[in-house]
Amino acid sequence: MRPPISRARSWAARSACSLALCATVLTALPSSVPAAAESEPPAPKAPAAAGAAGAAAAAVLSVDAARAALVRLLPRHAGQFELALVPATGAGDRFSVSGSTGRIVVTGTTPAVLLRGVHWYLSYTAGVDLGSPGDSLAALPARLPGPGGTVTRSASVPHRFALNDTDDGYSGAYRDWASYERQIDLLALHGVNEVFVQMGAEAAYHAAFQEFGYTSAELREWIPGPAHQPWWLMQNMSAFGGPVSEQLIARRAALGKRIVDRLRELGMTPVLPGYFGTVPPGFTERNPEGRVVPQGRWIGFTRPDWLDPRGALFPRVASAFYRHQARLLGTTTMYKMDLLHEGGNPGDVPVGEAASRVMRTLDDARPGATWVLLGWQRNPKPELLAGVDTSRLLVVDGLSDRYDNLDRETSWPGTPYAFGTIPNFGGHTTIGANTSVWTDRFEAWRTKAGSTLKGIAFLPEATSANPVTFTLFTELAWRDAPVNHADWFAQYASRRYGAADPHAAKAWEWLQKGPYGTASNGWSESQDSLFTARPSLTVRTAASWGPKEMRYEAATVEQALTELLQVAPAVRSTDAYRYDLVDTARQALTNRSRVLLPRIKTAYEAKDLAGFRARAAEWRQSMKLLDEVLATDRRFLLGPWLEGARAWGRSDAERATLEFDARSLITTWGHRAGSEAGLHDYANREWSGLVSDFYAPRWSTYLDSLETSLVTGQAPAAIDWFSWENAWNLRRESYPVTPKGDPVALATRVRDSLGA
């Protein structure tokens with residue numbers, strides 16, 4: 001069992017008409033648009049909106065939203081693009097790119113699709129990358145090169161979904177609008193059209209349950225701190241990291257509304273949390289007619305109770321939730337919820353009947369809305385599917401690339417689903433993914449007889465690493481034939497740094513064969529770091545639920561680092577190169593931990609004090625070098641993570657509460673019971689400051705105890721690791737938010753250290 005991850009229109013109509021698309025109002029095409037675009041039929045009239053869901057879909061689309069995004073993303077070159085909307089057809093979303101030097105014409109069916117067209121142009125004509133993170137935009141010439149003709153691409157699937165239930169926790173619950181705006185721009189640029197939005201969800205619960213006998217203070221004690229709210233929304237836990245203040249709830253709701261509105265402006269569908277029965281403690285005491293089913297425990301945490309969906313009170317609570325959600329965040333056409341997530345207990349409630357009632361209350365509030373579920377473990381269960389109209393569902397499959405011999409048409413008969421991947425768990429900084437499985441499997445599943453595959457779902461638990469995975473995976477939806485894995489990586493190597501370079505090409509060939517060439521053998525991410533693990537001579541993974549062995553040959557990353565250090569000086573000037581160099585050096589050094597630890601163990605068990613001291617010193621020096629490498633790039637700094645949490649507080653006491661919430665998530669994860677049940681270090685990540693001030697001292701404490709044991713002949717003293725770790729969570733010191741050091745010089749030191 002894996003811990004936190006992660007959480008009546010016809011199908012044909014929904015496929016052809018995503019949010020706002022049916023109500024498209026076209027911006028007039030400029031006179032310079034090619035004849036093919038000029039000959040498009042006039043825009044269809046918007047159908048009458050049906051209920052709140054229809055009202056949400058009535059947004060007016062304009063190229064202005066795409067133009068504003070271009071100004072943010074390409075401030076020096078935005079003026080060289082001419083954008084025009086064209087009407088959608090039954091074939092779905094499409095874009096075209098044409099023009100000449102300094103005048104790039106892009107047409108598309110929504111503002112977001114226009115941006116997808118721009119990104120295609122940047123990748124395959126201009127030869128640069130705008131990734132997440134890292135870009136090579138500095139390599140663009142002053143006047144953009146013209147395409148060699150007209151390029152037209154259509155989406156092969158209507159659903160292009162992004163973001164795991166956990167993203168708001170592991171990517172950073174304390175981000176500001178600028179960060180979310182950047183994320184939305186990049187999602188649109190990569191062709192995503194459906195985005196899970198969790199920000200502000202607690203405000204609907206806070207308002208709704210005050211109608212059922214709770215005070216604001218009681219509810220604010222029940223709602224966890226923002227970093228832990230994803231698992232509360234999935235009904236796994238509550239309260240930890242709080243209480244939350246009224247001002248925090250209000251500000252998060254306002255930010256959530258802003259996110260939802262921006263998605264609509266771009267013609268993208270915000271996917272909001274739905275209501276499936278979570279209630280605060282003591283619900284039946286306040287509402288005797290409301291029968292609840294206790295949910296037991298989830299990895300050391302007490303789960304919130306579940307309101308029986310068959311009772312008369314369930315639709316009243318659901319109605320209040322959706323009413324307040326609409327007031328605070330708006331409405332949409334897609335709602336995400338998973339009954340009995342990761343071990344929930346149905347008690348005597350038939351799951352199919354519960355699902356039917358949940359769907360009915362959703363339909364009452366949002367007629368025709370789609371229920372989105374996560375394909376994970378045994379979810380959705382056959383009993384659930386038997387209770388609902390499966391054409392009204394969309395399963396975003398988190399296991400498509402993790403196991404062999406999957407048959408989703410048999411597992412989920414008649415149910416539309418999206419081919420999905422979870423290439424990152426907990427926000428780990430490790431690189432790698434089963435990308436060759438994607439290129440082999442997606443098109444085969446999409447085109448097989450009887451396929452109900454209708455989308456892609458990019459579902460990393462955090463979206464702050466592995467930029468190549470985001471680029472490749474989202475591109476699958478814009479091709480109509482299988483992708484050649486090796487060729488795609490060769491092209492990526494050139495545009496990633498804005499110029500062809502033989503050493504960059506070789507580096508990415510090594511990475512393609514190594515960490516990005518892993519098979520579907522039960523995992524979808526690479527192994528994490530032993531430097532970030534709770535100390536032990538026999539530890540094999542930092543996160544309890546993670547690969548315990550290397551999933552590829554470590555030499556592939558070392559070779560890639562050697563090649564990256566030999567690229568031409570001009571290539572080194574790009575942001576993408578600096579990021580990738582630091583990340584590759586980090587990974588090469590991290591992989592070395594799996595060589596060094598067995599040597600320490602051998603020396604200790606042989607009672608070789610001198611050998612032990614030498615090996616322990618090598619371990620400490622490696623961690624020191626690791627922190628120095630990480631310090632050269634802001635994206636590998638602890639400081640911004642903590643500063644973001646403090647910025648949301650309005651008093652010193654609140655700042656302390658929020659900082660504890662942010663610190664604990666990436667160390668102990670939760671309280672002692674949850675931590676010792678396996679959650680500690682689940683969200684480990686190699687960041688400068690976290691390595692030097694948490695992981696390294698933790699290992700030094702342990703190594704010192706072993707050395708004392710060798711000197712005295714006594715058994716090592718027991719260490720209460722949770723107390724040690726939680727003491728750091730309660731600290732308040734600040735860490736750098738700006739990078740320092742020379743990444744090339746330090747990456748060179750890493751390379752030179754690997755031969756020992």
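By class, Ala, Val, Leu, Ile, Met, Phe, Trp, Tyr, Cys and Pro count as nonpolar, Asp, Glu, Lys and Arg as charged, and the others, Gly among them, as polar. The model is predicted, so local features need pLDDT of at least 70 and side-chain atom pairs 80 or more, while totals for chains, interfaces and linings use all residues. Residues are numbered from 1 along each chain, and side-chain values use heavy atoms, without hydrogens or water.

Q: How does the lining of the largest pocket divide by class?
A: A pocket is an open set of points on a 1 Å grid where a 1.4 Å probe fits, with protein on both sides within 12 Å along at least five of seven lines; a lining residue has an atom within 4 Å of a point. For the largest pocket, 50 residues meet this condition. They divide into 25 nonpolar, 15 polar and 10 charged residues.

Q: What is the volume of the largest pocket?
A: A volume is the space filled by probe spheres set on grid points joined across faces, edges and corners. For the largest pocket, this gives about 1400 Å³.

Q: Which residues of the lining are the closest to the centre of the largest pocket, and which elements give two or more residues to that lining?
A: Five residues are the closest to the centre of this pocket: Ser 171, Arg 175, Ser 179, Ser 464 and Arg 635. Elements are DSSP runs, namely helices (H or I, at least four residues) and strands (E, at least two), numbered from the N terminus. Those that give two or more residues to the lining are α7, α18 (467-475), α22 (575-605) and α24 (639-647).

Q: Why is α18 largely enclosed by the rest of the structure?
A: Helix α18 contributes two or more residues to the lining of the largest pocket. Its buried residues (under 20% relative accessible area, with exposed meaning over 50%) run from Pro 467, Val 468 and Thr 469 through Phe 470, Thr 471 and Leu 472 to Phe 473, Thr 474 and Glu 475. The helix is therefore largely enclosed because the number buried is 9 of its 9 residues.

Q: Which element gives the largest share of the lining of the largest cavity?
A: A cavity differs from a pocket in that the probe fits but cannot get out. The largest one has a volume of about 130 Å³, and of its 17 lining residues the closest to the centre are Leu 163, Tyr 180, Gln 183, Phe 196 and Val 197. Two or more lining residues come from each of α6 (167-170), α7 (177-189), β6 (194-196) and α11 (246-265). The largest share, 4 residues, is given by α7.

Q: How many residues of the lining of the largest cavity are charged?
A: The nonpolar class supplies 10 residues of this lining. The polar class supplies 3, and the number of charged residues is 4.

Q: What is the order of the strands in the open sheet?
A: Two strands pair if DSSP finds at least two bridges between them. The sheet has 4 strands with mixed pairing, and β1 (81-85) and β4 (151-154) are its edge strands, each pairing on one side only. The order is β1-β3-β2-β4.

Q: Which residue of β3 is the bridge partner of Phe 81?
A: Strand β1 is mostly covered, with 4 of its 5 residues buried. It runs parallel to β3 (residues 103-108), to which 5 bridges join it. Glu 82 has Val 105 as its bridge partner in β3, and the partner of Phe 81 is Ile 104.

Q: Which residue of β17 is the bridge partner of Phe 419?
A: A barrel is closed by 8 strands, paired in parallel in the order β5-β6-β7-β13-β14-β15-β16-β17. Within it, 5 bridges join β16 (residues 417-421) to β17 (residues 453-458). The partner of Phe 419 in β17 is Ile 456.

Q: Is Gln 527 buried or exposed?
A: Gln 527 lies in the loop between α20 (502-513) and α21 (554-564). Its relative accessibility is 1%, so Gln 527 counts as buried.

Q: What is the relative accessible area of Asn 684?
A: The loop between α26 (672-679) and α27 (690-712) contains Asn 684. This residue is buried, and its relative accessible area is 2%.

Q: How many Å apart in space are Arg 495 and Asp 135, C-alpha to C-alpha?
A: Arg 495 belongs to helix α19 (residues 485-496) and is buried, at 2% relative accessible area. In sequence, Arg 495 and Asp 135 are 360 residues apart. In space, their C-alpha atoms are separated by 9.3 Å.

Methods. Buried means under 20% relative accessible area, exposed over 50%, partly exposed in between (1.4 Å probe, protein chains only).
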